[in-house]
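Open the structure in your viewer and keep the sequence panel beside it. The stops below say what to select and what is there.

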Amino acid sequence: MNALDLVIRARRVVRPAGEQPAAIGVRDGRIMAIAPYDADLQAAADVRLSDDEVLLPGLVDSHVHVNDPGRTDWEGFTSATKAAARGGVTTIIDMPLNSIPPTCDVPALRLKRKTAETQAYVDVGFWGGAIPGNLSDLRPLHDAGVFGYKCFLLHSGVDEFPPLDHAQLEAAMREISSFDGLLIVHAEDAHRIDEAVPPNGASYLDFLNSRPRAAENEAVAGVIDLARETGCRVHILHVSSAEVLPLLAKARADGVRITAETCPHYLSLTAEDIPDGATQYKCCPPIREASNRELLWDGLRDETIDLVVSDHSPSTIDLKHLDTGDFGTAWGGIASLQLGLPAVWTEARRRGFTLSDVVRWMSAAPAKLTGLTTKGAVEVGYDADFCVLAPDETFTVDATQLQHKNAITPYDGRTLTGVVRSTWLRGRPIDIAVDPRGRLLTRGER
């Protein structure tokens with residue numbers, strides 16, 4: 001094949017059918033040829049990966065809180081997309097909160113896009129929000145290209161993004177179903193949490209008990225019931241309670257259109273190992289016990305859980321209240337956008353999973369969820385988005401060396417396996433020292 005811009009040759013390329021040696025031919029940012037490793041492909045540049053490197057498709061992280069505009073001291077598009085690039089992530093979908101204003105109408109979406117367009121080092125898309133009073137904004141947001149709508153069933157943590165009650169949730173689902181949109185749900189039941197013992201200062205056990213599994217279980221059951229009734233496509237965010245897995249499996253068997261995700265922190269961290277006062281571990285739903293963690297891995301194995309995404313939810317260090325260690329008042333969110341791949345791979349390989357499994361969870365499945373039909377695989381016609389990973393190399397996390405704006409993460413000091421050597425966007429390596437060239441994506445884009 002003539003007139004290729006690039007050929008990348010790797011002894012290990014992770015493709016949908018498994019690993020294989022291959023030469024990948026790229027032209028105009030797209031994969032144009034996949035051939036045997038030593039194939040005679042002519043190109044302006046011919047790159048051969050080292051024998052200890054594996055070529056993966058770029059990861060797609062569909063759960064990222066960039067917080068820009070409005071809370072750019074927490075994170076911003078420059079820092080977030082640099083962190084993504086360093087972590088092998090080539091596409092992120094930004095959550096509608098905690099930016100100000102939240103992305104709950106078309107003017108807010110336009111502002112979000114204008115803010116991001118000159119800062120994106122990777123490709124960026126946007127979720128809309130479903131909140132009380134914006135039912136009439138849902139279809140216009142759909143027409144403007146959001147990938148779906150996020151809602152909460154309890155206080156979100158920020159007052160400008162209030163939760164939906166049962167009647168409002170049903171109305172939103174009926175409206176979204178009318179144009180075959182997607183609703184993504186933070187599923188914890190407010191009443192169950194109100195009835196629980198509130199968190200008590202620095203005790204992690206007290207915080208864990210304040211967000212009981214029952215709150216998650218009942219919320220998921222309620223969403224399933226409404227999805228069954230309305231026909232709405234729904235996706236359950238950040239599953240932490242393994243007790244919801246039978247509910248999800250039964251719903252799918254009954255034809256309910258429902259998917260689910262979990263996150264690296266639920267798969268790699270455990271409640272038993274969290275010290276009192278270590279509020280860098282606080283997130284909602286919470287990190288649960290080791291036995292629960294293993295059941296989540298079983299849910300990935302049997303495909304009840306579809307995907308793994310970061311739920312990168314950073315804040316300034318002061319909001320974590322490290323001085324008091326008070327889990328009741330500290331901001332709840334895990335900063336991990338740059339670390340998701342090694343965190344998951346470190347634990348996955350111990351349980352007999354392969355890089356093909358990780359790519360399915362962290363690239364192919366998020367791309368499928370969001371309808372990004374040219375992302376998530378090394379295939380002809382797809383974007384030439386790649387992650388070059390040294391899967392056997394280890395490193396120790398130093399929070400001060402990450403691209404996240406605030407140097408706080410529960411992974412600080414933790415030894416992880418899997419080093420991202422380079423990340424490529426549309427056939428070119430991303431250099432975070434030069435101008436950003438990520439694109440802003442819209443739903444349905446080809």
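Start by selecting isoleucine 184 and histidine 235: histidine 235, in β12, is the bridge partner of isoleucine 184. The model on screen is a predicted one. Now extend the selection to the strands around this pair, β11 (residues 182-186) and β12 (residues 233-236). They run parallel and are joined by four bridges.

Next, show the sheet to which both strands belong. Its six strands follow the order β9-β10-β11-β12-β13-β14, the sheet is open, and the pairing is parallel. At the edges are β9 (128-129) and β14 (307-308), each of which pairs on one side only. Add α7, which packs on this sheet and touches β11, β12 and β13 (258-262). The direction of α7 makes about 170° with that of β12.

**From the sheet to a helix pair**

Keep α7 (residues 213-230) in view and add helix α8 (residues 245-253). How do the axes of α7 and α8 cross? They come within 10 Å and cross at roughly 10°. An angle under 35 degrees counts as roughly parallel, and α7 and α8 are therefore roughly parallel to each other. To see the contact, display the side chains of Asn217, Val220, Ala221 and Ile224 on α7, then those of Leu247, Leu248 and Ala251 on α8. By class, the residues of this contact are six nonpolar and one polar, with no charged residue.

**The three-stranded sheet**

Move to the open sheet made of three strands, in the order β6-β7-β8, where the pairing is again parallel. β6 and β8 (123-126) stand at the edges with a single partner strand each, so one side of each has no neighbour in the sheet. From one strand to the next, the twist averages 20°.

Select β6 together with β7 (residues 89-94): four bridges join these parallel strands. For one such pairing, pick valine 60 and its bridge partner in β7, threonine 91. Two helices can then be added to the view. Helix α1 (residues 77-86) lies across β7 and β8 and runs at about 140° to β7. Helix α12 (residues 355-370) packs on the sheet as well, touching β6 and β7, and its direction makes about 60° with that of β6.

**Enclosed spaces**

Rolling a probe the size of a water molecule over the atoms shows where empty space is left. In this model, four cavities of 30 Å³ or more are counted.

The largest cavity holds about 70 Å³ of space. To find it, select its lining: Leu59, Val60, Asp61, Val89, Val308, Val309, Ser310, Ser336, Leu337, Gly340, Leu341 and Met362. Which element gives the most to this lining? β6 does, with three residues. Both β6 (59-64) and α11 (340-350) supply at least two residues of the lining. The lining divides into eight nonpolar residues, three polar and one charged.

For the second largest cavity, with about 60 Å³ of space, select Gln280, Pro314, Ser315, Lys320, Gly333, Ile334, Ala335, Asn406, Ile408, Thr409 and Pro410. The lining of the second largest cavity has five nonpolar, five polar and one charged residues.

**Backbone details in the loops**

The last stops are three places in the backbone.

- Select aspartate 68 and proline 69: the peptide bond from the aspartate to the proline is cis, with omega near 5°. Proline 69 is found in the loop between β6 and α1.
- Select leucine 97 and asparagine 98: the peptide bond between them is also cis, with omega near 20°. Asparagine 98 sits in the loop between β7 and α2 (106-116).
- Select aspartate 180, which is not a glycine but has a positive phi of about 55°. Aspartate 180 belongs to the loop between α4 (166-178) and β11, and β11 is one of the two strands selected at the start, joined by four bridges to β12.

Conventions: Residues numbered from 1 in each chain as written. Predicted model: local features only at pLDDT ≥ 70, side-chain atom pairs only at ≥ 80, totals over all residues. Heavy atoms only, no water. Axes fitted to C-alpha atoms, helices over the stretch in contact; angles between N-to-C directions. Parallel < 35°, antiparallel > 145°, perpendicular 65-115°, else oblique. Contact = heavy atoms within 4.5 Å. Nonpolar A, V, L, I, M, F, W, Y, C, P; charged D, E, K, R; others polar. Pairing = 2+ DSSP bridges. 1 Å grid on protein atoms, 1.4 Å probe; cavity = no way out; pocket = protein on both sides within 12 Å on 5 of 7 lines; lining within 4 Å. Points joined across faces, edges and corners; volume = space filled by probe spheres on them.
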